[in-house]
Each structure stands twice: as structure tokens, then as C-alpha cells.
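Good morning, colleagues. I should like to take you through one protein chain this morning, beginning with its sheet and ending with a single loop residue. Please look at the display before I start.

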Amino acid sequence: MGQRVRVQNFGVSADGYGAGEGQSLERPFGHADPVDLLGWAIATESFPNRSGPGGSRGLDDHLVRDFHRGIGVEVMGRGKFGPQRGPWEDHEWRGWWGDEPPFRTPVVVWTHHPRPSFALGATTFHFTGGEPADVLAVARELAGGLDVRIGGGPSTVRAFLDAGLVDDLHVAVAPVRLGAGSRLWESPDELDDRFHHDVVPSPSGVVHHLFWRR
């Protein structure tokens with residue numbers, strides 16, 4: 001199938017928001033509780049940051065297993081890296097992800113303000129600007145022939161969707177409403193002109209929307 005551009009395990013609220021308002025260092029998701037949006041994935045046996053045994057199996061776990069499978073690079077917006085805006089004032093601060101980020105691949109941070117690359121554990125962060133196609137070209141070079149994951153946040157995913165650059169999309173819709181924030185969509189059906197679309201309810205309460213390019 002060749003190198004594909006994928007969105008995996010992306011969580012949104014029932015009203016289409018992938019993050020709330022008021023993002024800060026202490027609250028990466030703003031007024032939203034990340035457990036409300038991603039608790040279904042955190043509870044699975046295959047969750048990447050699981051520190052001990054246990055976790056659920058079944059549909060949710062099956063989908064979480066695909067998070068790393070075949071991925072050579074992640075693309076994220078600056079808001080997923082950290083809450084700062086404008087020129088970088090502190091190069092010592094290296095994101096929310098700790099000394100061993102969960103990606104274990106190169107990460108391309110899409111930003112108007114590039115800065116030098118750096119490595120944390122098995123993850124190297126690169127910073128680049130331009131249009132989505134420009135960012136994707138950088139990511140493809142770093143992916144080593146493997147797939148590119150568009151990791152978020154919502155505005156970044158939507159920008160790549162609107163540019164026609166996403167091949168496969170998995171969004172888990174949680175049974176919670178945020179009312180405001182960063183929105184992925186008004187309705188998942190608005191993508192049906194470009195994608196095949198399956199809807200799969202899960203016993204955990206989320207509804208999985210699976211899209212693949214027509």
C-alpha cells in the first residue's frame with residue numbers, strides 16, 4: 001500500500017472538540033479533562049504509557065495496538081508540544097513529554113517559529129514551518145519508508161484533512177460535551193464526500209469512527 005498518512009486513536013467530544021479552552025502548562029487540554037476524551041485508550045492493555053500489567057482487551061485494545069504499528073514519524077502542532085506561543089523564549093523547556101516521550105520515532109512539530117532539533121530518549125523533535133504539504137514532505141523523509149501519523153491537536157489534524165493529505169483516520173467520540181475549545185468537526189459526516197466511513201460503538205461508551213480515503 002505504500003507510505004500512508006494516518007490519524008490514530010484521536011479522541012473528541014460528542015460536540016466535536018478535541019481540546020478545551022484555556023490551555024496552560026498545568027492543563028494541556030484546557031478546561032477539558034483528558035480522561036473524558038482518552039480514558040477508553042488509557043484503560044486498555046496496549047496503551048503505550050502503561051506502567052504495569054492489566055488493562056482491558058477487546059475492540060478498544062485492538063485499535064490502540066495500531067498506534068505504533070508501522071509508524072515512522074509523528075507530526076504534531078505546536079499546541080501539542082507545549083502551551084507557549086510566539087518566538088521561543090526558553091529552549092531549556094522541552095515539552096510535556098518527559099525524559100522518555102511515548103513516540104520513539106522522530107517527531108515533526110509544525111510551528112511558525114522553528115528551533116534546533118533535540119533528542120529525548122528514543123524520540124527526536126524537529127521543528128518546521130510551511131504549509132501542510134511542506135511539513136509532510138519533511139515527515140516523509142524522516143519516516144524511513146514507514147507511515148506518517150498526524151498526532152494532533154485538532155486544528156493540525158483538520159488542516160491536513162482540508163489539504164487532502166490524510167489516507168486513514170480513526171476518531172473515538174466520547175460521550176461528553178465540551179461546548180467550546182479546539183474543534184475537529186461539526187459532524188463526522190462532513191468527511192463522507194472524501195472517505196469511506198464506518199461507525200463502531202464500543203462497550204466502553206465511545207463510538208469509533210473509521211475513515212479511509214475513497
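Nine strands, in the order β5-β6-β4-β3-β7-β1-β8-β11-β10, make up an open sheet with mixed pairing. I should add at once that the model is a predicted one. At the edges of the sheet are β5, residues 118-120, and β10, residues 195-201, each of which pairs on one side only. On average, neighbouring strands are turned by 20° against each other, direction ignored.

Let me take one pair from this sheet. Strand β4, residues 106-110, runs parallel to strand β6, residues 123-128, and 5 bridges connect the two. Within that pair, proline 106 has threonine 124 of β6 as its bridge partner.

Two helices that pack on the sheet deserve mention. The helix α1, residues 34-42, touches β1, β8 and β11, and its direction makes about 120° with that of β1. Helix α4 touches β1, β3, β4, β6 and β7, and here the angle, taken against the direction of β4, is about 170°.

I turn now to the interior. Which residues of the largest nonpolar core touch the most other members? They are Val148 and Leu169, in a core of 26 residues. Two or more residues each come from β1, β3, α4, β7, α5 and β8, and β1 gives the largest share, with 4 residues. Setting aside residues up to four places away in sequence, valine 148 touches Gln3, Arg4, Val5, Arg6, Ile71, Val73, Val75, Leu136, Ala139, Arg140 and Ala143. There is also a second, separate core, of 10 residues, with Trp88, Val109, Phe118 and Phe125 among them.

Next, a pocket. The second largest one holds about 260 Å³ of space. Its lining comprises 14 residues, and those nearest its centre are Arg6, Gln8, Asp66, Asp168 and Phe211. Strands β1, β8 and β11 each contribute at least two residues to that lining.

Finally, the loop residue I promised. Valine 176 sits in the loop between β8, residues 168-173, and β9, residues 182-183. What does valine 176 contact, once its neighbours within four places in sequence are left aside? The list is Ser13, Ala14, Asp15, Asp36 and Leu37. As for glycine 16, 160 residues separate it from valine 176 in sequence, while the two C-alpha atoms are 9.8 Å apart in space.

Thank you for your attention.

Note on methods
Residues numbered from 1 in each chain as written. Predicted model: local features only at pLDDT ≥ 70, side-chain atom pairs only at ≥ 80, totals over all residues. Heavy atoms only, no water. Contact = heavy atoms within 4.5 Å. Core = buried A, V, L, I, M, F, W, Y, C linked by side-chain atoms within 4.5 Å. Buried < 20%, exposed > 50% of the residue type's maximum accessible area, 1.4 Å probe, protein only. Pairing = 2+ DSSP bridges. Axes fitted to C-alpha atoms, helices over the stretch in contact; angles between N-to-C directions. 1 Å grid on protein atoms, 1.4 Å probe; cavity = no way out; pocket = protein on both sides within 12 Å on 5 of 7 lines; lining within 4 Å. Points joined across faces, edges and corners; volume = space filled by probe spheres on them.
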